[in-house]
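Trainee: Could you walk me through this one? I'd like to see how you reason from the coordinates.

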Amino acid sequence: MRALSRALLRRGQRGQILILTGLSLIVLIGAVGLAVDAGRAYGVKARLNAAVDAASIAAARAIAQGADEGARIANAQAAAVRFFNLNYPADFLSSTPSAPTTVAIHESDGRWRVRVSATADMPTTFMRVLGRTEFNVAAMGEAVRRDLDVILVMDTSGSIGADFPTLQLAAKNSFVNKFTPGIGGDRLGLVTFASGAWLDVPIDKTANRGFDRPTVVNAINSLTAIGPTASAEGMRKALDELNAVPAVNRSSLRVILLFSDGAPNIINGTFLRSGGTVTDVGNLDGSYLFGPGPYKPGVVWPPNQRYVADTATFYTDIVALPSQGSGTIPLASFDNRRTFTGASFPQPHPYENTKCNASRAARNMLENVANMARGQDIRVYSIGLGNRLTQVENPYDLDPSAPFDCGYNPTTETGSAILKRVANTADSGATISGQPQGLYCHAASGSELDRCFSTIASEILRLTL
């Protein structure tokens, strides 16, 4: 009897073990299934995130094109679908994605905010034993596209010489062609300078925005290289042109790109003549002496005689420099970097009319304009060409009786150092916190200009997103 009871007990225990084993297998399969299917779902989520991110960036780029807001939004939606499909392979991990949904909002500050969302259904495998037949995954990507106003300021001075055709090609192909033309696109204008400065292509100041690429390209093609370097006047005209856009139509991103192959050497403004008369004599040479005939060196005269290039006129009675150049831009350094010499007149102005004072005023005026632009949250970039920029240029190369370099610091007064400060670069040695930082790119020769223009264009476009 006892033997029979023990046998029955053993059979009962074996039955319980089988039940427990079966239950354990279900739990084990469920745990394995959760790990496997959750891993697959995580992979779908990661791929879906990448797809909507790519789609939102593409949509933000595409929204710059279109005749009106409806067309721009349609272009953004089409781009989002195209890039979503490129980045989410068909039947990825057996999942089925929804079509992406694109919402584009034009905010009051001029920015476009683009959101792309999508979902994907992934069937489960092992988790079906627990009743879970699919995972539903969702993702959203967002990109902000800033409208852009940009002015290209190009040096067309004679010192560029044989590199000028290369400069023209680089400016067109590696800069102008990178931006979106047409109604609703980027605004782009062109200013050039030599003895003075000219607004060759104004920017569109209406709500239509955009620019006409052939107009800008043709303007660059027609340029010639002759004259000195009125960098400050070029920058001033660019700043005035950006500010001429009504506030309601201005872009959230405003940019000036300055190209030059040397330090500034021309002052633009109205100058005091002997006898107290004031005459607007245009562009006053601040570095180089010119003899009879436009741009022909070889004649030395007293410090109060200047050749005004834009009128081909000699003025022999300019006795002092004013406190302001054209556009009421101060000629004194905003950061006390350079001071004027001579005590013939009460200080701080007018300033004694000497070559070194004129050279200092030209450099001060350029940095003052750049500082004013950055103070208005305008980003300034700069490109320099040639080895002259790595040395202190000699304002007295034709006047052996004068100091060689006006006492300029050989480190801080090179053309490259000035262009870095103009752009407020991190390595300028005088970075102004609270103002936007730009980039400076130095092209040792014309063959490097494509790289520099492309680098700056890419950086500007990066900031639009």
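Mentor: Sure, and let's start with a definition: buried means under 20% relative accessible area, exposed over 50%, and partly exposed is what lies in between. Keep in mind that this is a predicted model.

Trainee: Which class does Asn208 fall into at 44% relative accessibility?

Mentor: Asn208 sits in the loop between strand E7 (197–201) and helix H4 (213–221). Setting aside neighbours within four places in sequence, Asn208 touches Ile183 and Gly184. Its relative accessibility is 44%, so Asn208 counts as partly exposed.

Trainee: And how are H3 and H8 oriented to each other, roughly parallel or roughly antiparallel?

Mentor: The axes of helix H3 (residues 164–173) and helix H8 (residues 449–464) come within 9 Å and cross at roughly 25°. Angles under 35 degrees count as roughly parallel. Therefore H3 and H8 are roughly parallel.

Trainee: What residues of H8 does H3 meet there?

Mentor: On the H3 side you have Thr166, Leu167, Ala170 and Ala171. By class, the contact between H3 and H8 has 5 nonpolar, 1 polar and 1 charged residues. The H8 residues in it are Leu449, Asp450 and Phe453.

Trainee: Which hand does the disulfide of Cys441 and Cys452 have, left or right?

Mentor: A search of the whole structure turns up 1 disulfide, and it joins Cys441 to Cys452 with S to S at 2.1 Å. Cys441 is in strand E18 (residues 440–443) and Cys452 in helix H8, 11 residues apart. Cys441 is buried at 7% relative accessibility, and Cys452 is buried at 0%. The torsion about the S-S bond is about -70°, so the disulfide is left-handed.

Definitions and conventions
Residues are numbered from 1 along each chain as its sequence is written. This is a predicted model: local features need pLDDT of at least 70, side-chain atom pairs count only at pLDDT 80 or more; totals for chains, interfaces and linings use all residues. Side-chain values use heavy atoms; hydrogens and water are left out. Helices (H or I, at least four residues) and strands (E, at least two) are DSSP runs, numbered from the N terminus. Buried means under 20% relative accessible area, exposed over 50%, partly exposed in between (1.4 Å probe, protein chains only). Contact means heavy atoms within 4.5 Å. Axes are lines fitted to C-alpha atoms, for helices over the stretch in contact, and angles run from 0 to 180 degrees between N-to-C directions. Angles under 35 degrees count as roughly parallel, over 145 as roughly antiparallel, 65 to 115 as roughly perpendicular and the rest as oblique. Ala, Val, Leu, Ile, Met, Phe, Trp, Tyr, Cys and Pro count as nonpolar, Asp, Glu, Lys and Arg as charged, and the others, Gly among them, as polar. A disulfide is a pair of cysteine sulfur atoms within 2.5 Å.
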